[in-house]
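Here are a few exercises to work through with the structure open beside you. Try each task before you read its solution.

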Amino acid sequence: MIYDIEYETMPREALESIQLRRLQSTLERVYANVPFYRKQFQTAGIVPADIKSLDDLRRIPFTTKQDLRDNYPFDMFAVPMDNVVRIHASSGTTGQPTVVGYTARDVGTWSMLMARALSAGGAGRGDIIHNAYGYGLFTGGLGVHYGAERLGASVIPVSGGNTKRQVVIMKDFGPTILTATPSYTLHLAEVAEEMGVAFDSLKFKFGIFGAEPWSEKMREEIQQKLNLTAVDIYGLSEVMGPGVAIECHEAQKGLHVFEDHFIPEIVDPHTLDPLPYGEAGELVFTSLTKEAFPVIRYRTRDITALNPEPCSCGRTHVRMNRVTGRSDDMLIIRGVNVFPSQIESVLISTEEVTPHYQLVVDREDNLDVLTIKVEVGEGSFTDEVKGLQHLERRITKNIKELLGVSARVKLVEPKTIERSQGKAVRVVDNRSI
């Protein structure tokens, strides 16, 4: 079902007219109310009135996460604090936290966009949504929660953790939609199996998974283990939260970006030059309707490509490909660019190992060394050294052939890699650069 058929199926000419009008209004507001953006305009030698077309957006400098941190906590807000009814923030594990604010209208817009997203992902009035995204300062849990209520579905606000209890709730409450990170979803499947609960005995129809990059191979794994249709959702706190883009369950071929609220661009992450449709690069977003915390040309660091072709589901907004990694999480191993999702695709296609892995990067004798720790499956673990060595060599060969990089593969016992209740920690970089 299409939640908002007028806007989600709007012809391109009408959509671009709305985008330009909303963009010009947003630029006027940030120029007047946010000193950082006013300085950005002045540095570029322009004023908001100079932006007369969507192409003119390229004249405005980019905004980065560091800019948000430099204006911590509230200097990027475009409204007085009296108008801010909600504050979220990143964990700050890689630096100063980034803080985002919402007016009452922002919360309403977010709820509506999440209702759109959940509907595209297969949910509707009468469904019960098991929401295992984290609540709190993280936007995932509350974003899904408010969207579910706006849609008219029932929501179970279970959040992350207490996995055995979650399995019991799934069995007893009969939820039909699962929302969680892909890595935690596989952990749920693992714990359910230990408890003797088969997912094909549960009532799930669709799963809406996001907040971390995941591969097509992992989708197949999830669909097979959980007996549901797995849909990819995209969002980030700096732009809104979840609900910026989502796959439709009908096609599962790219995530529909809600372009009446966000303008996406793809740029070369090194030169920052714009890239054409179909070419992979860094995703950049400009928000069009956010009141408290608008962002202008925000560099997400996510790597993807855009597809302008209308979808078979009837939606006309541009689609983004599955995120393959992040430009700042990209590993460069002896000159070769490596994303965790590329290695994941090799591991998931290897029958004897599980999707639980970690990449450890060290520097030895001035050379980068990549070690891939991956769990052996319960049925494949053995004390026979020769068999394990043969498996390690096979995975090493497959990674070398696919990525052109040599890696050490270290097989570990089942359930020895720490499980995450949110985003999986895939990379440990021990290099001192």
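Keep in mind that this is a predicted model.

**Exercise 1. In what order do the strands of the four-stranded open sheet lie, and which strands are at its edges?**

Step 1. Reading across the sheet, the order is β20-β19-β18-β21, and the pairing is mixed.

Step 2. Look for strands that pair on one side only: these are β20 (408–412) and β21 (427–429), the edge strands.

Step 3. Check the twist: neighbouring strands here are turned by 20° against each other on average, with direction ignored.

Step 4. Now zoom in on one pair. Strand β18 (residues 353–364) runs parallel to β21, and three bridges link them. In this region Val-361 is found opposite Asp-429 of β21.

Step 5. Finally, add the helix. α11 (residues 385–403) packs on this sheet and touches β18, β19 (367–376) and β20. Its direction makes about 140° with that of β20.

**Exercise 2. Trace the open sheet of nine strands and explain why one side of each edge strand has no neighbour in the sheet.**

Step 1. The order is β4-β3-β5-β6-β7-β8-β9-β14-β13, again with mixed pairing.

Step 2. At the edges stand β4 (154–156) and β13 (306–307). Each has a single partner strand, so one of its sides is left without a neighbour in the sheet.

Step 3. Take one pair as an example: β9 (residues 255–257) and β14 (residues 319–320) are antiparallel and joined by two bridges. His-256 faces Arg-319 of β14.

Step 4. Place the helices. α5 (residues 104–120) lies across β3 (128–131), β5 (177–180), β6 (206–209), β7 (229–236) and β8 (241–247), at about 30° to β8. Helix α7 (residues 163–173) also packs on the sheet, where it touches β3, β4 and β5, and its direction makes about 175° with that of β3.

**Exercise 3. Is Glu-8 buried or exposed, and which polar partners does its side chain have?**

Step 1. Find the residue in helix α1 (residues 5–8).

Step 2. Apply the cut-off: buried means under 20% relative accessible area. Glu-8 has 1% relative accessibility, so it counts as buried.

Step 3. List the polar partners. The Glu-8 side chain reaches the backbone nitrogen of Asp-4 at 2.8 Å, and it makes a polar contact of 3.0 Å with the side chain of Arg-315.

Step 4. Widen the view beyond sequence neighbours within four places: Glu-8 is in contact with residues including Tyr-3, Arg-116, Phe-258 and His-317.

**Exercise 4. Compare the span of helix α2 with the expected value, and find what its buried residues pack against.**

Step 1. α2 (residues 12–33) has 22 residues and reaches 31 Å from first to last C-alpha, close to the expected 32 Å.

Step 2. Among its buried residues are Leu-15, Ile-18, Leu-23 and Val-30.

Step 3. The buried residues of α2 pack against α1, α3 (35–44), β10 (262–267) and β11 (281–287).

**Exercise 5. Which residues touch the most other members of the largest nonpolar core?**

Step 1. This core has 68 residues, and the ones to pick are Leu-118, Tyr-234 and Met-320.

Step 2. Helix α5 supplies the largest share of the core, nine residues.

Step 3. Follow Leu-118 outward: beyond four places in sequence, its contacts include Ile-129, Val-144, Leu-151 and Ile-208.

Step 4. Look also for a second, separate core of 26 residues, which includes Val-197, Leu-202, Phe-204 and Leu-226.

Conventions: Residues are numbered from 1 along each chain as its sequence is written. This is a predicted model: local features need pLDDT of at least 70, side-chain atom pairs count only at pLDDT 80 or more; totals for chains, interfaces and linings use all residues. Side-chain values use heavy atoms; hydrogens and water are left out. Two strands pair if DSSP finds at least two bridges between them. Axes are lines fitted to C-alpha atoms, for helices over the stretch in contact, and angles run from 0 to 180 degrees between N-to-C directions. Contact means heavy atoms within 4.5 Å. Buried means under 20% relative accessible area, exposed over 50%, partly exposed in between (1.4 Å probe, protein chains only). A polar contact is a pair of N or O atoms within 3.5 Å; within protein, one must be able to donate a hydrogen and the other to accept it, and residues adjacent in sequence count only if both atoms are side-chain atoms. The expected span of a helix is 1.5 Å times one less than its number of residues. A nonpolar core is a set of buried Ala, Val, Leu, Ile, Met, Phe, Trp, Tyr and Cys residues joined through side-chain atoms within 4.5 Å.
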